[in-house]
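Subject: The structure I promised you

Hi,

Here is the structure we talked about, ready for you to open. Have a look at it first, and then read on for what turned up.

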Amino acid sequence: MTTMASGFLTSLRAGCAGFCRPLIPLLTLICLPLPLQAASPLVAIDFGHTLAAHGATSARGRGEFHFNRDLGKALAVALRKRGLRVRIVNGDGRIESLQARPAAAEGAELLVSIHHDSVSAQLLKAWEWQGRQLDYNDDYAGHSLFVSRDNPDTARSILCARAIGARLQRMGFVPTHKNGLLRAYADRELAVHYYDGLAVLRHARMPALLFEAGVIKNRDEELLLADPAYQAKMADGMATAIAACLQSGVPADDEAGADRPDVLPPATGGD
Ligand SMILES: [Zn+2]
């Protein structure tokens, strides 16, 4: 504590009448130097893909990286508004490797990798937009979440993914189950899948999840996902869930119990 602050508190204790005594602990906390106060959780936000290899291409020809960056920035704003600390990973879109992403997140309590979904090539239909020959698919829409059982804290990863899924659905966002045919569910209702081999998740030394915000090959959903108001609303829901998960969430089971066996839906399932 600084000399000035401790002098102030000493004179406060000496001169404080009964009515202001309850305030002393609060004033003591305010006067403490920052490193002595409990630090708020640090969240690493990874912008998926790069400028050079931008991931999927939207129905209107825009690279996925740009969608990831926009939503990632909105999430950073929403988390900081709640008092959480944020570190951006791959902010300039030039990160050198997949392994560099979790390495850059070292020290964070959660790594969130932001992505946008596509559909498989055989489902694409051709269309022309502003003179360009492009492709689209309007049959699939919605968000989904992924965790890895090769991450050292699968239970907390699942908890944070579930919290996000639950909060978004409560706000009216609808998940997709298009990934349920290939990726087993950790939580079917909340569209949380296992994707053990994802480098960004399995190399992370902290809980980690990958968020697919929506399907940018869908012409209507692409417009929503590109809308700053929609991004801010989605980011707000994610931030509420992340804050709850990190500050008061307790995983329901130990890690072994949280990991359910893979159960894939029947071949006719999915949407
Ligand atoms: Zn992606």
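One definition before the strands: two of them count as paired if DSSP finds at least two bridges between them. By that rule β1 (residues 42-47) and β2 pair, since five bridges join these parallel strands. One of the pairings puts D46 opposite V89 in β2. Please keep in mind that this is a predicted model.

Now the overall picture. The protein chain has nine helices and nine strands. Of its 271 residues, 41% count as buried. If you take the contacts with a separation of 6 or more, 75% of them come from residues 24 or more positions apart.

The sheet

Seven strands form an open sheet with mixed pairing, and the order across it is β2-β1-β3-β9-β6-β8-β7. Which strands stand at the edges? They are β2 (85-89) and β7 (185-187); each has a single partner strand, so one side of each has no neighbour in the sheet. From one strand to the next, the twist averages 30 degrees.

Further into that order, β3 (residues 110-117) runs parallel to β9 (residues 208-215), and six bridges join them. V112 has L209 in β9 as its bridge partner. Back at β1 and β2, the two strands make a right-handed β-α-β unit together with helix α3 (residues 64-81).

A helix to look at

Next, try α8 (residues 228-247). With 20 residues at 1.5 Å a residue, this helix should span 28 Å, and its end C-alpha atoms are indeed 28 Å apart, so the two values agree. Its buried residues include Q231, M234, A235, G237 and M238, and further along A239, A241, I242, A243, C245 and L246 are also buried. What do the buried residues of α8 pack against? Their partners are the strands β1, β3 and β9 and the helices α3 and α5 (154-170).

One loop residue

Last, find G107, which sits in the loop between α4 (100-104) and β3. Is G107 buried or exposed? A residue counts as exposed with 12 or fewer C-beta neighbours within 10 Å, and G107 has 10 inside that distance, so G107 is exposed. G107 and P41 are 66 residues apart along the chain, while their C-alpha atoms are separated by 10.0 Å.

That's what I have for now.

Cheers

How values were computed. Residues are numbered from 1 along each chain as its sequence is written. This is a predicted model: local features need pLDDT of at least 70, side-chain atom pairs count only at pLDDT 80 or more; totals for chains, interfaces and linings use all residues. Helices (H or I, at least four residues) and strands (E, at least two) are DSSP runs, numbered from the N terminus. Axes are lines fitted to C-alpha atoms, for helices over the stretch in contact, and angles run from 0 to 180 degrees between N-to-C directions. A crossover is right-handed if, with the strands pointing away from the viewer, the path from the first strand over the helix to the second runs clockwise. A residue is buried if 20 or more other C-beta atoms lie within 10 Å of its own, exposed if 12 or fewer, and partly exposed in between; C-beta atoms are placed from the backbone. The expected span of a helix is 1.5 Å times one less than its number of residues. Two residues are in contact if their C-beta atoms, placed from the backbone, lie within 7 Å.
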